[in-house]
Amino acid sequence: MKKRTRFAARSADGAHVDPGSAQGTARDKDPVFIQDDEHADSLMGLTPRQRRAAERKARRLSGNLESYAHLLAMKPREGYLFRSDYFKIDDGFACILGYFHNDAAQDDFGAFWGINRIPLGLGERVSAVVLEQVHRRGEKWIDDHLKSANTLGNLAEREQKGSGSTATSRRRLSKSRQDTETIAAELLDGASYLHVHNRLLLKAPTLAALETSVDRVKRLYVERFATLNVAPYPGEQRREASTLFGRNEAKRGKGFHYTSTEFAGSYSLVTNGLNDPAGEHVGHMLGDVNNSAVIFDVNQWSHHTVVANNAMNTLPLFGRVPEADLWGSKISQAALLNNNKVVHLVLDGADLNKLGPRLDGLTARLDMNSGDVNFLELFGQQKDELSIFPAHLDKVVLMAEQAYETTENERSVVRGSLRETLIQFYVDKQMWYHNAQANRERLRLVGLPHTHVPRLQDLVTYFDTQYKALANSSARDDELLHAYSVLRLVFKDMLDTNGDLFNSFTNSQIDGVGSARRVIYDFSELMLRGKGIAMAQLVNIVGFAIGSLGEGDVLVIHGAELIDDRVKDYISTQFEYLFRRGGRVAYLYTSIEEMLADQSFNRFDTADWTVLGNMSGGTVEAYQRQLHQEIPPDLEKLITTAGARSVYLRRGHVNVVFQADLALGVNPARQARREELKRLMAAPQNYPRQKVNAARNSRRRAVNAR
């Protein structure tokens with residue numbers, strides 16, 4: 001016969017109380033035991049194996065607790081020990097407090113005052129749960145009690161007139177009259193009448209901590225409400241626990257009555273962060289009563305996003321890296337997981353090998369310090385040659401301007417001379433032809449072997465020749481001569497000083513970049529040579545870098561504040577081509593102030609989402625002014641708190657401040673799991689057998705637990 005489980009509890013004096021030992025109960029009258037007898041009769045005549053199968057089936061159908069091993073593991077193994085004003089549960093102490101109000105007081109609580117009932121700062125491992133149970137009164141109950149209230153009010157008034165009354169009694173009567181009239185008016189306007197019971201459940205690791213928490217909550221309520229306090233019902237903790245989720249009529253005390261209009265002001269307006277359906281944990285909220293997890297879909301954006309943070313992450317796991325670069329790694333991983341390509345332009349020295357998995361099988365790394373791309377080579381498709389060539393000329397002109405800053409007067413002459421020389425240069429190399437539309441079949445700009453493309457040393461001779469011809473001409477044009485003098489010196493300096501960058505054939509490894517899922521272009525060391533050189537190389541490569549990106553693919557710019565203003569128009573034009581193809585751009589800044597100053601380039605005000613670090617008061621004012629929106633005072637206080645390492649996420653109308661905790665795939669605690677996955681991927685034929693063995697072991701553990 002199946003054994004019936006009975007749970008023991010303890011009374012206020014610590015004695016055991018058996019709920020099944022009440023008077024008048026007997027085994028033969030218990031329907032549970034009668035069912036067990038019938039079940040035992042049904043097992044007669046079965047083999048032991050059939051009997052065990054039938055018992056397992058019966059347990060599943062009956063839904064008993066012991067049928068579920070995971071529920072048995074969570075069920076407390078010890079009974080509750082109830083005392084006068086607290087009870088002990090497992091290794092902790094808890095107390096259920098009721099709410100008491102001075103009915104004669106004029107409260108004047110503010111809107112959403114109910115949130116102030118949630119206590120904060122009670123100490124480590126101390127939890128507080130506010131429970132609110134609402135029951136709607138019926139119309140008959142309302143009519144009966146309104147009549148009774150009016151009758152009692154009239155009697156009280158006559159008693160006070162007939163005999164002496166105190167100021168307190170007169171105030172209480174006046175308050176009662178006002179409340180009755182207000183309730184009647186709101187009910188006539190369509191409001192409901194609600195019966196509400198509130199309880200506060202405190203749990204602490206020690207009795208001393210529980211007593212301290214109760215005292216702290218009482219003081220907190222005095223500060224917040226003055227007319228509302230909490231206290232336990234002496235000797236009623238067991239009843240309070242048993243009726244905690246019961247009907248209001250079964251609870252101790254009369255509770256509170258509100259019209260639905262009045263009750264609306266007590267709603268606890270609490271945010272719950274982000275809960276994107278396809279999101280992942282990126283941190284927990286700050287500054288709210290609910291420190292909810294932030295479940296954020298990092299890949300949920302369609303055009304561009306902006307990340308700016310002045311803080312540096314100094315965890316030993318990463319070394320010293322900008323917080324913005326951590327988000328760059330996260331954005332990249334989210335895009336890769338959604339089968340998109342990612343290109344990184346690294347200007348600030350970010351080492352992506354430390355900020356996430358190396359992903360060697362998916363990644364192509366190009367060191368821009370070694371001149372892997374010949375700036376005179378054109379890339380693209382043959383059908384687009386007529387549009388590729390003008391854009392290429394603009395690129396070379398812009399590269400030259402990074403090495404020599406011209407004045408407004410000479411800029412047009414220098415640009416015109418350079419474009420004229422470049423056209424003649426490509427015509428002489430039989431790559432371009434005058435009247436190209438009529439000679440469409442003869443063009444050979446793209447698809448050439450890398451070693452067949454001319455280099456810088458071939459171009460420099462054109463400027464020398466043209467300069468000497470102008471200098472020796474009888475009809476000399478001084479402006480044109482000056483322009484070629486500038487061009488001759490600029491390109492000769494590029495050849496002599498930085499020939500390893502600009503006078504080289506394109507590396508054959510670049511041919512495989514188009515098939516790589518992630519490509520990293522590192523410009524960090526070029527910044528040491530000079531910003532002009534780095535910007536020239538950036539202009540040289542950006543068109544090629546984004547040429548293979550399409551729908552949903554991502555370009556991540558690390559250190560966007562380092563991009564020179566003179567090249568931003570050209571880069572923005574390249575980005576527009578990417579946006580038209582459905583690509584996306586992530587701008588990462590290591591300075592919030594510089595991000596705000598760069599609004600015309602990054603357009604943070606129209607970004608799909610922005611992530612910002614802590615700001616100063618002046619920065620917040622500038623941010624609101626440029627955004628044309630005001631930040632709520634509480635939010636402004638959070639993001640300007642000195643020393644806090646919070647993150648402010650703005651996405652549409654959603655504003656969340658949280659402590660970032662990004663999972664980047666470099667946690668040492670999960671290294672063993674990552675190695676196991678690598679081993680399984682290297683030998684996939686072993687995976688099904690191991691999966692079967694794991695499932696079999698799991699079933700065995702469940703059977704043993706039962």
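This talk covers helix packing, salt bridges and a few surface residues in one predicted model.

I'll start with the helices. Two packed helices are described by the angle between their axes and the distance between the axes. Helix α10 spans residues 385–403, and helix α11 spans residues 408–428. Their axes are 10 Å apart, at an angle of about 130°. That makes α10 and α11 oblique to each other, and their crossing is right-handed.

Helix α10 also meets helix α17, residues 565–580. Here the axes come within 10 Å and cross at roughly 165°. The cut-off for roughly antiparallel is over 145 degrees, so α10 and α17 fall in that class. The crossing of α10 and α17 is left-handed.

Staying with α17, I'll go on to charged pairs. How many salt bridges does a search of the whole structure find? The count is 21. One of them joins Asp565 and Lys568, at 2.9 Å from N to O. Both residues sit in α17, three residues apart, which is about one turn of the helix. Is each partner buried or exposed? Asp565 is exposed, at 60% relative accessibility, while Lys568 is buried, with a relative accessible area of 11%.

Further along α17, Glu576 forms a salt bridge with Arg603, and the closest N and O atoms are 3.6 Å apart. Arg603 is in the loop between α19 and β20, so this pair ties together parts that are 27 residues apart in sequence. Glu576 is partly exposed at 31% relative accessible area, and Arg603 is also partly exposed, at 27%.

A pair within one helix is found in α13, residues 478–497. Lys492 and Asp496 are four residues apart there, about one turn, and their closest N and O atoms are 2.9 Å apart in a salt bridge. Lys492 is partly exposed at 37%; Asp496 is exposed at 52%. Separately, Arg137, Arg247 and Glu249 are linked in a network of salt bridges.

Now the nonpolar surface. Which residues make the nonpolar patch of about 280 Å²? They are Tyr68, Leu71 and Met74. Met74 belongs to helix α3, residues 69–74, and is exposed, with a relative accessible area of 58%.

Last, a strand residue. Val130 is in strand β6, residues 127–136, and is partly exposed at 27% relative accessible area. Its C-alpha atom is separated by 6.5 Å from that of Ile118, twelve residues away along the chain.

Definitions and conventions:
Residues are numbered from 1 along each chain as its sequence is written. This is a predicted model: local features need pLDDT of at least 70, side-chain atom pairs count only at pLDDT 80 or more; totals for chains, interfaces and linings use all residues. Side-chain values use heavy atoms; hydrogens and water are left out. Patches are made of residues with over 30% relative accessible area and no salt bridge: like charges are joined within 9 Å, nonpolar side chains (Val, Leu, Ile, Met, Phe, Trp, Tyr) within 5 Å. Accessible areas come from the Shrake-Rupley method with a 1.4 Å probe; for residues, only the protein chains shown count as cover. A salt bridge is a side-chain nitrogen of Lys or Arg within 4 Å of a carboxyl oxygen of Asp or Glu. Helices (H or I, at least four residues) and strands (E, at least two) are DSSP runs, numbered from the N terminus. Buried means under 20% relative accessible area, exposed over 50%, partly exposed in between (1.4 Å probe, protein chains only). Axes are lines fitted to C-alpha atoms, for helices over the stretch in contact, and angles run from 0 to 180 degrees between N-to-C directions. Angles under 35 degrees count as roughly parallel, over 145 as roughly antiparallel, 65 to 115 as roughly perpendicular and the rest as oblique. A crossing is left-handed if the near helix is turned anticlockwise from the far one by less than a right angle, and right-handed if clockwise.
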